[in-house]
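The following exercises concern the arrangement of strands and helices in a single model. Please examine the sequence and the structure before reading each solution.

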Amino acid sequence: LAFDELVLATGSAPWVPPIPGLHRDGVFAFRSLADMRAIRAAAWSATRAVVIGGGLLGLEAARGLRERGVEVTVVHLADRLMELQLDPLAARLLERRIRALGIHVLCGQRTEAVTADGVALADGTELPADLVVFATGIRPEVGLARDAGLEVERGVLVDDNLRTSAPGVWAVGECAEHRGTVYGLWAPVLEQARAAGAAIAGRPNAFHGAVPATTLKVAGIDLFCAGAAAEPDPLAEEVIVLDSRRERYRKLVLRDGALAGATLLGDIADARRLRALIASGEAVPEELLATGTGAGDAPADHLVCSCQVVSRSDITSAIQDGAATLAQVSARTGAATGCGGCRPDVEALLEA
């Protein structure tokens, strides 16, 4: 096949630790739609499950299995859940919320093998399970690029226009590595695609990196994380508001007066505003720092779609203007056109 321009969008594959027992029945990776369907089918006859990995995907898998009546244990190698996004205090509060859903949590545990009866841990613990789900990260699909002689490290190396080391060849998405980062979230991948598409069309639009922002899509838990807030920074200032009784936590990290990171647990009404401040680098309004709440943001205007940064008010405005179906709301606002996790929230607003 001849081409003028070639775009590599080969994505990624799930990474699973090389341990014994991966090929026994009832063991699944959790990445694709086919994986989800296979896990759901297995869950009908399962009574106990172990989910390996306590990141976003692992917690969402655990919640889905628990809702189907399966007893679930999450096993995580790090010392806390979602260690890439959360500091120890936020992670501890999240773990309490996860346990309240009836999900068991074991942190700081290495999985040694999948056995005939379950999972064996490094400390000798054996967890009985007839269903084992791995949500342990991704591996960029770079085989084609490497065979073609492109520069490859973890991903296919690209510049700010998403060009690879070969003329006329581009890479976007989870297979691309930009400034040392491989993005595994929908929003930055969409930005990459827009930048590459514009450049190919002769209207260069650089991709300078993206603010990592995630929303945990687990019923009963409101959690938003953006920027750098997980690890202590001696050069940064922190504004922390904690209400452990109501399990609410708010942390803003500032560098030179600009917002570098934010964590919201229990109340994510200000997620959209904080994410915009991190992206813009503008000074943080004093009311956010003085009170820990966004006085100018009504609770009704919380972020619904984190992929496309669509708020509740955006969606309700579209409905009031005549959007009567999910497809019409999506067409007008962009909500539910990314990862799809907000689809139930959009449908609930339509019903209301």
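**Exercise 1: Helix 2 and its surroundings**

In this predicted model, helix 2 (residues 56-67) lies across strand 4, strand 5 (71-76) and strand 10. Determine at what angle helix 2 runs to strand 5, and which unit helix 2 makes with strand 4 and strand 5.

*Solution.* Step one: the direction of helix 2 is at about 170 degrees to that of strand 5. Step two: strand 4, helix 2 and strand 5 together make a β-α-β unit, which is right-handed.

**Exercise 2: The partners of strand 4**

Identify the strands that pair with strand 4, and state how many bridges join each pair.

*Solution.* Step one: strand 4 (residues 48-52) is joined to strand 10 (residues 131-134) by four bridges, and the two run parallel. Within this pair, Ala49 has Leu131 as its bridge partner, while Ile52 is matched with Phe134. Step two: five bridges link strand 4 to strand 5, again in the parallel sense. Here Val50 stands opposite Thr73 of strand 5. Step three: four of the five residues of strand 4 are buried, that is, under 20% relative accessible area, so strand 4 is largely enclosed by the rest of the structure.

**Exercise 3: The whole sheet**

Give the strand order of the sheet and explain why one side of strand 3 and of strand 6 is left without a neighbour.

*Solution.* Step one: the open sheet has five strands in the order 3-10-4-5-6, with parallel pairing. Step two: strand 3 (27-29) and strand 6 (104-107) stand at the edges with a single partner strand each, so one side of each has no neighbour in the sheet. Step three: from one strand to the next, the twist averages 20 degrees.

Definitions and conventions: Residues numbered from 1 in each chain as written. Predicted model: local features only at pLDDT ≥ 70, side-chain atom pairs only at ≥ 80, totals over all residues. Heavy atoms only, no water. Pairing = 2+ DSSP bridges. Axes fitted to C-alpha atoms, helices over the stretch in contact; angles between N-to-C directions. Contact = heavy atoms within 4.5 Å. Buried < 20%, exposed > 50% of the residue type's maximum accessible area, 1.4 Å probe, protein only. Right-handed = clockwise from strand over helix to strand, strands pointing away.
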